[in-house]
Amino acid sequence: MPPARVLRATATAALLMAVTTAAATVLATSASAGTTLGASAAERGRYYGAAVAAGKLGDSTYVSILNREFNAITPENEMKWDATEPSQGSFNWSGGDRIVNHAQANGMRVRGHTLAWHSQQPGWAQNLSGSALRSAMVNHITQVATHYRGKIYAWDVVNEAFADGGGGGRRDSNLQRTGNDWIEVAFRTARAADPNAKLCYNDYNTDGINSKSTGIYNMVQDFKARGVPIDCVGFQSHLTNSAPSDYQANLQRFANLGVDVQITELDIAGSTQAGAYDAVTRACLAVSRCTGITVWGIRDSDSWRTGQNPLLFDSSGNKKAAYTSVLNALNSGPIISPSPSRPASPSPSSPASPSPSVSPAPGGCTATVSLQTWTGGFNATVRVTAGSTAIRSWSVRLTLPSGAVIVNTWNAAPSGTSGTVSFSNVSYNGQVSAGQYTEFGFQADGNGAAMSPTCTATS
Ligand code: XIL
């Protein structure tokens with residue numbers, strides 16, 4: 001963990017020591033709150049990410065901004081079909097692995113991008129059609145999602161499959177010509193390969209209520225009705241000057257279908273970009289199932305929109321007015337309260353969770369839960385903090401609120417879906433250095449309520 005993160009974690013722990021019931025208020029005014037995009041978003045139960053190019057991970061200005069400001073990464077090109085399967089059946093993980101390793105080393109989540117898309121296909125796939133292409137797609141999704149299994153927070157399973165221009169229908173492509181069911185086949189294949197990743201549909205020009213976004217809305221509604229596994233919808237949000245006036249309403253109507261929504265490739269050109277960044281940030285904060293925002297690059301010089309300067313940092317890495325606009329908007333959002341450190345009335349059968357105000361024993365760990373709730377469901381983010389010595393593995397046990405059923409878990413393996421559930425670390429997050437933390441999460445149907453986690457660890 002880089003020094004800034006250590007400081008932040010230490011400061012947060014110190015605050016938790018001082019805070020009992022008025023946690024939200026105190027955190028909102030704390031010195032550590034809201035000084036970076038990632039920290040501020042995290043306090044609001046969300047991530048703030050950036051698209052990253054593996055080839056820039058040796059650029060010290062780039063990496064220092066990335067590590068300071070962001071807590072999620074999307075590979076800009078490295079997980080696309082042409083990069084991962086340059087010749088049929090032979091896979092190249094080098095760029096994607098570099099990015100995943102960087103994310104894991106710095107406590108960032110990864111959005112996988114993308115498993116099935118008409119663009120950036122390798123030449124051999126462009127030349128396939130019919131059942132040969134369908135089989136190649138299924139094999140590609142299986143291989144890639146299996147390789148990154150357990151390491152991906154959300155996959156853009158299918159990208160840009162709807163047409164522009166009014167009809168609300170599908171885009172013509174070699175994949176579409178394999179049959180209209182190619183999208184649901186892609187989602188079912190991805191679920192089978194990585195059951196813990198959230199599976200998203202991602203597209204552009206869908207940022208307001210229009211015929212294209214309504215076509216996608218109808219598909220998501222149909223998938224939910226028929227049990228096709230879909231967990232989220234990504235809105236690329238490549239904008240100029242402003243967001244559509246119904247941007248928030250559009251996010252909300254998708255959320256109301258029972259999927260998360262994410263802003264996945266945000267960049268905004270034009271002289272009114274700072275105000276538009278403000279509007280987009282506030283819209284996400286206002287929609288409880290908007291789980292995070294990703295900007296499509298770090299500095300203006302990193303942007304695919306050459307010459308349009310649509311990002312938050314200038315080409316020298318300085319913060320722009322748009323950056324301040326985003327940070328202020330994030331800081332204006334309500335803090336998601338950490339769960340109480342102790343149950344109100346501990347019952348003998350469910351021991352009180354170790355309070356953050358008590359230093360865990362060497363080799364031990366503590367866990368705290370923060371909740372994001374909406375009508376009929378909630379997300380829980382669980383932070384596992386190592387004690388005064390490093391741990392090699394951990395397990396968190398908690399009792400779900402009565403009637404709650406887990407529908408998705410990330411960064412941990414749950415023992416069940418209701419009642420008392422134990423969550424064990426996955427392969428990459430068992431080791432936590434002394435005093436540091438890792439986080440996992442789950443989504444449940446039912447009513448969110450405070451939970452009292454207990455943490456055990458091996459050192
Ligand atoms: C872009 C990358 O930023 C470029 O480097 C690449 O040359 C082309 O693709 N929608 C998407 C992204 O889903 O994958 C695209 O990324 C931008 C548009």
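Student: What makes people say the charged end of Arg253 sits over the ring of Tyr217?

Tutor: Its distance is 4.8 Å from the ring centre. The term asks for NZ of Lys or CZ of Arg within 6 Å of the ring centre and within 35 degrees of the ring normal, so 4.8 Å fits the distance part. Lys212 likewise lies over the face of Tyr204, 3.6 Å from the ring centre.

Student: And what am I looking at here?

Tutor: A predicted model, where local features need pLDDT of at least 70 and side-chain atom pairs count only at pLDDT 80 or more, while totals for chains, interfaces and linings use all residues. Residues are numbered from 1 along each chain as its sequence is written, and side-chain values use heavy atoms, leaving out hydrogens and water.

Student: How many aromatic pairs turn up in the whole structure?

Tutor: The search finds 15. Take Phe91 and Trp93: their ring centres are 5.3 Å apart and their planes are at 10 degrees.

Student: Why is that pair called stacked?

Tutor: Rings of Phe, Tyr and Trp (its six-membered ring) pair if their centres lie within 6.5 Å; planes under 30 degrees apart are stacked, over 60 edge-to-face, and the rest tilted. With 5.3 Å and 10 degrees, Phe91 and Trp93 are therefore stacked.

Student: Why does Phe91 count as partly exposed, and why does Trp93 count as buried?

Tutor: Buried means under 20% relative accessible area, exposed over 50%, and partly exposed in between (1.4 Å probe, protein chains only). Phe91 has 23%, so it's partly exposed; Trp93 has 19%, so it's buried.

Student: What makes Tyr217 and Phe254 an edge-to-face pair?

Tutor: Their centres are 5.5 Å apart, with 80 degrees between the planes. That angle is over 60, so edge-to-face it is. This pair also links distant parts of the chain: Tyr217 is in helix H10 (residues 211–226) and Phe254 in helix H11 (residues 247–255), 37 residues apart. Helices here are DSSP runs (H or I, at least four residues), numbered from the N terminus.

Student: Are Tyr217 and Phe254 buried or exposed?

Tutor: Tyr217 has 19% relative accessibility, so it counts as buried. Phe254 is buried too, at 1%.

Student: How do you know that Asn159 makes a polar contact with the ligand?

Tutor: An N or O atom in its side chain is 2.9 Å from a ligand oxygen. A polar contact is a pair of N or O atoms within 3.5 Å, so 2.9 Å qualifies. For Gln120, a ligand oxygen is 3.2 Å from an N or O atom of the side chain.

Key. Helices (H or I, at least four residues) and strands (E, at least two) are DSSP runs, numbered from the N terminus. A polar contact is a pair of N or O atoms within 3.5 Å; within protein, one must be able to donate a hydrogen and the other to accept it, and residues adjacent in sequence count only if both atoms are side-chain atoms.
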